[in-house]
Amino acid sequence: MATPLVSSADTARLDNQLSFDTLYKSVGVLGTVYSDQAKSLKNKEVRMRGYMAPPLKPESKFFVLTREPVAVCPFCASDAQWPADIVVVYLRDTLAPINLSRRIEVIGTLEMGSWTDPQSGFVSQVRIVDAMIHKL
């Protein structure tokens, strides 16, 4: 099983940094409006920093990236407990969970728009696919 980790040299090459603060222009009852920066990076390789949320199973090819560390499993919690600004990350390879309080950087292709994962049924608005991670 390969671990999808990248080196510091790889992260230095990539300038398309996206953050939770620059992801949306607005989020409200009328829907989600992506920022101009996020729209310009759609389907391009990006870097984004955050924390791995507790995964659905011990070794997985996807996880949820959050702004701050969380102890709640996104698949077990109610909407009231789960943060609104999350990004689903689909990895190139399976990865065992890392320390959930350790900040990571994800590098992969940005996808936006509502999508339902056919295997888990998890609905996401923002995804980073074909991703690797870098521990900070």
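## A tour from Asp130 to the pocket

Asp130 counts as partly exposed, with a relative accessibility of 42%, so it falls between the 20% limit for buried residues and the 50% limit for exposed ones. Please keep in mind on this tour that the model is predicted. With Asp130 selected, look at its backbone: phi is near 55 degrees, a positive value in a residue that is not glycine. The strand around Asp130 is β8, residues 123-135.

Next, select Asn43. Here too phi is positive, at about 65 degrees, although Asn43 is not a glycine. Where does Asn43 sit? Look in the loop between α3 (36-41) and β4 (45-52). Asn43 has a relative accessible area of 54% and is exposed, because the cut-off for that class is over 50%.

**The whole chain**

Now zoom out and colour by secondary structure. You should find three helices and eight strands, and following the chain along its sequence gives the pattern α-β-α-β-β-α-β-β-β-β-β. Of the 136 residues, 44% are buried. If you switch on a surface, its accessible area is about 7300 Å², and carbon and sulfur atoms hold 50% of that. For the contacts with a separation of 6 or more, 68% join residues 24 or more positions apart.

**Aromatic pairs**

The structure has three aromatic pairs. Select Tyr24 and Tyr34 to see one of them: this pair is stacked, with 5.7 Å from centre to centre and 25 degrees between the planes. Tyr24 belongs to strand β2 (residues 24-28) and Tyr34 to strand β3 (residues 31-34), so the two rings tie together parts that are ten residues apart in sequence. Are these tyrosines buried or exposed? Tyr24 is buried at a relative accessible area of 17%, and Tyr34 is buried at 14%.

Select Tyr90 and Trp115 next. Their ring centres are 5.8 Å apart and their planes meet at 85 degrees, so this pair is edge-to-face. Tyr90 is in strand β6 and Trp115 in strand β7 (residues 104-116), so the pair links parts that lie 25 residues apart in sequence. Check the surface at each partner: Tyr90 is buried, at 14% relative accessibility, whereas Trp115 is partly exposed, at 36%.

Keep both rings on screen and add Phe62. What do Phe62, Tyr90 and Trp115 form? The three make up one aromatic cluster.

**The second largest pocket**

Phe62 also leads to the last stop. Turn on your pocket display and pick the second largest pocket, which holds about 200 Å³ of space. Eleven residues line this pocket, and those closest to its centre are Ser60, Lys61, Phe62, Asp117 and Gln119. Show these five as sticks, then select the elements that give two or more residues to the lining, which are β5 (60-66) and β6 (86-95). Which of the elements has the largest share of the lining? That is β5, with three residues.

To finish, colour the lining by residue class. Five of its residues are nonpolar, three are polar and three are charged. With the sticks still on, you can look from Phe62 at the pocket back to Tyr90 and Trp115, its partners in the aromatic cluster.

Methods:
Residues numbered from 1 in each chain as written. Predicted model: local features only at pLDDT ≥ 70, side-chain atom pairs only at ≥ 80, totals over all residues. Heavy atoms only, no water. 1 Å grid on protein atoms, 1.4 Å probe; cavity = no way out; pocket = protein on both sides within 12 Å on 5 of 7 lines; lining within 4 Å. Points joined across faces, edges and corners; volume = space filled by probe spheres on them. Helix = DSSP H or I, 4+ residues; strand = E, 2+ residues; numbered from the N terminus. Nonpolar A, V, L, I, M, F, W, Y, C, P; charged D, E, K, R; others polar. Buried < 20%, exposed > 50% of the residue type's maximum accessible area, 1.4 Å probe, protein only. Contact = heavy atoms within 4.5 Å. Areas by Shrake-Rupley, 256 points an atom, 1.4 Å probe, with all protein chains shown as cover. Phe/Tyr/Trp six-rings, centres within 6.5 Å; stacked < 30°, edge-to-face > 60°.
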